[in-house]
Amino acid sequence: MDTIQLTIDGYLDTEPVPGPRDTARFRLILSPTDDTAQETVLHCITGDPRIVHMLLTELRSGDLLRITGLLTLPARATGAVQLYVDELEVL
């Protein structure tokens with residue numbers, strides 16, 4: 001698998017949910033323009049305890065975030081792209 005360091009801004013698509021082994025999962029909506037046809041949903045996960053706590057107790061759907069992490073590209077064309085978040089800022 002290839003990885004790319006990435007920082008992006010986007011909106012929480014739905015409320016974050018607990019994941020396995022003290023992680024949190026969430027989806028971020030990326031919208032380069034005001035046209036909803038150009039929106040992309042990015043699946044994200046974090047294991048950083050501070051970020052997990054913030055996601056599960058303070059943040060709600062629609063919050064604008066800036067996240068930084070490693071974007072994992074799938075080994076196969078049918079695999080999923082996922083961002084492993086190590087920094088999160090509420091904008």
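# Exercises on one chain

Val52 touches Asp22, Thr23, Ala24, Thr46 and Gly47, not counting residues up to four places away in sequence; contact means heavy atoms within 4.5 Å. The structure is a predicted model, in which local features need pLDDT of at least 70 and side-chain atom pairs count only at pLDDT 80 or more, while totals for chains, interfaces and linings use all residues. Residues are numbered from 1 along each chain as its sequence is written, and side-chain values use heavy atoms, with hydrogens and water left out.

## Exercise A: confidence

**Task.** Find where in the protein chain confidence is lowest and where it is highest.

**Solution.**
- Start with the scale: pLDDT is the predictor's confidence in each residue, from 0 to 100.
- Next take the whole protein chain: its mean pLDDT is 89, and 99% of its residues reach 70 or more.
- Then go through the elements: confidence is lowest in strand 1 (residues 2-12), with a mean of 89, and highest in helix 1, at 96.

## Exercise B: the chain as a whole

**Task.** State the order of helices and strands along the protein chain, and check its radius of gyration against that of a compact globule.

**Solution.**
- Count the elements: the protein chain has 1 helix and 6 strands. Both are DSSP runs numbered from the N terminus, with helices (H or I) of at least four residues and strands (E) of at least two.
- Read along the sequence: the pattern is β-β-β-β-α-β-β.
- Apply the globule rule, 2.2 Å times the number of residues to the power 0.38, with the radius of gyration taken over C-alpha atoms. For 91 residues a compact globule would have a radius near 12 Å, and the 13 Å of the protein chain agrees with this.
- Add the box: along the principal axes, the C-alpha atoms fill roughly 35 × 30 × 20 Å.
- Look at the contacts with a separation of 6 or more: 55% of them join residues 24 or more positions apart.

## Exercise C: the helix

**Task.** Which residues of helix 1 are buried, and why do they line one face of the helix?

**Solution.**
- Fix the terms: buried means under 20% relative accessible area, exposed over 50%, and partly exposed in between, using a 1.4 Å probe and protein chains only.
- List the residues: in helix 1 (residues 49-57), Ile51, Val52, Met54 and Leu55 are buried.
- Look down the axis: these buried residues fall within an arc of 165°, so they line one face of helix 1. The arc is that of the directions from the helix axis to the C-beta atoms.
- Recall the general rule: an α-helix has 3.6 residues a turn, so residues three or four places apart point the same way.
- Find the cover: strand 3 (23-30), strand 4 (40-46) and strand 6 (82-90) are among what covers the buried residues of helix 1.
- Check the start of helix 1: a side-chain oxygen of Asp48 comes within 2.9 Å of the backbone nitrogen of Arg50.

## Exercise D: two threonines

**Task.** Are Thr23 and Thr46 buried or exposed, and what do their side chains reach?

**Solution.**
- Thr23 lies in strand 3. Its relative accessibility is 14%, so Thr23 counts as buried.
- Thr46 lies in strand 4. Its relative accessibility is 2%, so Thr46 counts as buried.
- A polar atom of the Thr23 side chain lies 2.7 Å from the backbone oxygen of Pro20.
- A polar atom of the Thr46 side chain lies 2.9 Å from the backbone oxygen of Val85.
- Beyond four places in sequence, Thr23 has contacts that include Ile45, Thr46 and Val52. Those of Thr46 include Thr23, Val52 and Val85.

## Exercise E: the core

**Task.** Which residues touch the most other members of the largest nonpolar core?

**Solution.**
- Define the set: a nonpolar core consists of buried Ala, Val, Leu, Ile, Met, Phe, Trp, Tyr and Cys residues joined through side-chain atoms within 4.5 Å.
- Pick the members: of 19 residues, Cys44, Ile67, Leu83 and Leu88 touch the most others.
- Name the elements: strand 1, strand 3, strand 4, helix 1, strand 5 (64-73) and strand 6 each give two or more residues to this core.
- Take Cys44 as a case: among the residues that Cys44 touches are Phe26, Ile67 and Leu83.

## Exercise F: a loop

**Task.** What is the sign of phi in Arg21 and in Asp22?

**Solution.**
- Arg21 lies in the loop between strand 2 (17-19) and strand 3, and so does Asp22.
- Phi of Arg21 is near 50°, a positive value. Phi of Asp22 is near 60°, also positive.
- Set this beside the rule: most residues other than glycine have a negative phi.
- Add the accessibility: Arg21 is exposed at 74%, and Asp22 is exposed at 68%.

How values were computed. Polar contact = N/O pair within 3.5 Å; in protein donor to acceptor, adjacent residues only side chain to side chain.
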